[in-house]
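Trainee: Could you take a close look at a single part of this one for me? I'd like one residue and its surroundings, then how that fits the rest.

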Amino acid sequence: IVGSTAFAQIPGFTIGPKIGTTFSKFTTDEDQIKEEMKNSFFFGAFVRLGNKIYLQPELLIMSRNGLLKDENAQESQVTLKINTIDVPLLAGIKVLDLKAVNVRVMAGPVASFVIDKNLTAENWDETINEDDFKNINWGLQFGAGVDVLFLTLDLRYEIGLNDVSTLETFSLKNNMFTVGLGWKIL
């Protein structure tokens, strides 16, 4: 209680839980592989430090899903589901700052630590399994947000910066669109 009261006295300090949905796709550099987007949910917490210009670190439990289809082989596909703990560190600025509403833009890096991998392959020519995926991945997020009273809504796009697999046959990156709703407790 003393810690919460002390942080509440800091101007521009906000903390709270966050939930949302993701729309993710694993992309590859192979022309014969078609990628499909899948959706999922996430939850976690955020902290915002600052007023007009701010830093927003977060801790999120995220699921990254995707579907790869080999167009050269009939009914050949791989379904990917990688659960991660994401740690984005966003820098932002309020572009419209009214009393009850503000509009923000933000960008920054995100580290994704893999906690679970699930892969289902059907008629896939190449050998691929859970061990072929890295345990730490990096991305770059950018987006916009709106705060209305104690609620915060963020829309973001994440670009995968590194190859998430250890396969030498093709490159695989994860790109994702997220919509998150947060509740500012403090």
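Mentor: Let's start with D147: it counts as buried because its relative accessibility is 1%, where buried means under 20% relative accessible area, exposed over 50% and partly exposed in between, with a 1.4 Å probe and protein chains only. Bear in mind that this is a predicted model, where local features need pLDDT of at least 70, side-chain atom pairs count only at pLDDT 80 or more, and totals for chains, interfaces and linings use all residues. Residues are numbered from 1 along each chain as its sequence is written, and side-chain values use heavy atoms, with hydrogens and water left out.

The D147 side chain has polar contacts with two other side chains: T152 at 2.6 Å and R104 at 3.2 Å. A polar contact here is a pair of N or O atoms within 3.5 Å; within protein, one must be able to donate a hydrogen and the other to accept it, and residues adjacent in sequence count only if both atoms are side-chain atoms. Leaving out residues up to four places away in sequence, D147 also touches R48, A100, V101, N102 and K184, among others, with contact meaning heavy atoms within 4.5 Å.

Now zoom out: D147 sits in strand β6, strands being DSSP runs of E, at least two residues, numbered from the N terminus. β6 (residues 136-148) runs antiparallel to β5 (residues 101-122), joined by 13 bridges; two strands pair if DSSP finds at least two bridges between them. Along that pairing, M106 stands opposite G143. Both strands belong to a closed barrel of eight, β1-β2-β3-β4-β5-β6-β7-β8, with antiparallel pairing.

Methods: Helices (H or I, at least four residues) and strands (E, at least two) are DSSP runs, numbered from the N terminus.
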